[in-house]
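Okay, thanks everyone, let's get going. I'll put the structure up and then walk you through the sheets.

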Amino acid sequence: MHARTLALLSALSLSFIPAAHAAEPTKEVAAHVAGKTQLNWYGHAAFKLVTPNGKVLLIDPWLQNPSNKNGADDVAKLEKADLILITHGHFDHVGNAVEIAKKTGAKLVATFDLGNALVGAGYPKDQFGFDTGGNFGGELTLLDGEVKVAFIPAVHGSTVAAGDNDVRQGGSPGGFLITIKNGPAIFHTGDTDLFSDMALVAKFHKVDVMLACIGDHFTMGPARAAAAVALVKPSLVVPMHFGTFPVLTGTVDAFTKELKKVGGATKLKELKIDEPIEL
Ligand SMILES: [Zn+2]
């Protein structure tokens, strides 16, 4: 995406956050149930996963996105994060990663190219290295073996805007297959088009939950996302990356209709922001 477009989108997103919301109290986020995996959606492509052992993973942590009225509070209240996974370099996926990394010490899980670009853009240098940097085809074993992260390709872009006139190459964009011991396997698609090799994701591991972009314009819309679900065959699909900006026109209703057309046993689960579910 062009830097000017990024700047425009940044400005757009800021104008969507009414000032009055900043003072609103956040309701208590449900406590994590020991032994369960908890999934929380912050809006857009941002999620938090809490493992059965209580480890905290953030994916594409743009907590202060236009859909999340409690974004600033969510960032302030987030005291623990072990890993931050970032699919690609666009601002709406890097989000609050640097700020959260600085206060939690969370290590960055990203491709080597993206990780290095993000370190150049402010991510703490000693929180990214060979242990959490990988690339497509590879799977990392992390957090004493409780979590495995496989790098899945995506069809998209991945520049990192480090400043007004500083746009860096972030390597190839991707998604993640996160496999949790005594918990589910979760596929976050990142931003992507539909591509037939998505079928390969499920070839090596049954996908329990697929977090799928449906917003159209920059990614798959409802019809292509439904076709992606037909390839991956997850037990559950959670739509994301829709409605954040007016151009992301895909809706859950349209996605529901398209899923019916393709058939299959996948159940759709629409998450509400800051209302975590146990998996
Ligand atoms: Zn993107």
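So, to start: which residue in the turn between β2 and β3 has a positive phi? That's Gly54, with a phi of about 90°, in a hairpin that leaves 5 residues between β2 and β3.

Quick housekeeping. This is a predicted model, where local features need pLDDT of at least 70 and side-chain atom pairs count only at pLDDT 80 or more, while totals for chains, interfaces and linings use all residues. Residue numbers start from 1 along each chain as its sequence is written. Helices (H or I, at least four residues) and strands (E, at least two) are DSSP runs, numbered from the N terminus. And two strands pair if DSSP finds at least two bridges between them.

Right, the sheet with that hairpin. It's an open one with 7 strands, ordered β6-β5-β4-β3-β2-β1-β16, and the pairing is mixed. β6 (133-134) and β16 (277-278) sit at the edges with a single partner strand each, so one side of each has no neighbour in the sheet. Helix α5, residues 112-120, packs on this sheet and touches β5 (107-111) and β6. Its direction makes about 130° with that of β5. Contact here means C-beta atoms, placed from the backbone, within 7 Å. Axes are lines fitted to C-alpha atoms, for helices over the stretch in contact, and angles run from 0 to 180 degrees between N-to-C directions.

Back to β2, residues 46-50. All 5 of the 5 residues are buried, so the strand is largely enclosed by the rest of the structure. Buried means 20 or more other C-beta atoms within 10 Å of the residue's own, exposed means 12 or fewer, partly exposed is in between, and again C-beta atoms are placed from the backbone. In a regular strand the side chains alternate between the two faces of the sheet. Here Ala46, Lys48 and Val50 point one way, Phe47 and Leu49 the other, and yes, the lysine is buried too.

What about β2's partners? β3 (residues 56-59) runs antiparallel to β2, joined by 4 bridges, with Val50 opposite Val56. β1 (residues 38-43) is also antiparallel to β2, over 5 bridges, and there Leu39 stands opposite Leu49. That's a hairpin as well, with 2 residues in between, and His44 in the turn has a positive phi of about 55°.

Now the other open sheet: 7 strands in the order β7-β8-β11-β12-β13-β14-β15, with mixed pairing. Its edges are β7 (139-142) and β15 (267-268), each with a single partner strand, so one side of each is left without a neighbour in the sheet. β7 runs antiparallel to β8 (residues 147-153), with 4 bridges.

Over at β14, 4 of the 5 residues are buried, so β14 is largely enclosed by the rest of the structure. β13 and β14 pair parallel over 5 bridges, and Val209 stands opposite Leu236. The chain gets from β13 to β14 through α7, in a right-handed β-α-β crossover. Right-handed means that, with the strands pointing away from the viewer, the path from the first strand over the helix to the second runs clockwise. α7 (residues 222-232) lies across β12, β13 and β14, at about 155° to β13.

Technical notes. Contact = placed C-beta atoms within 7 Å.
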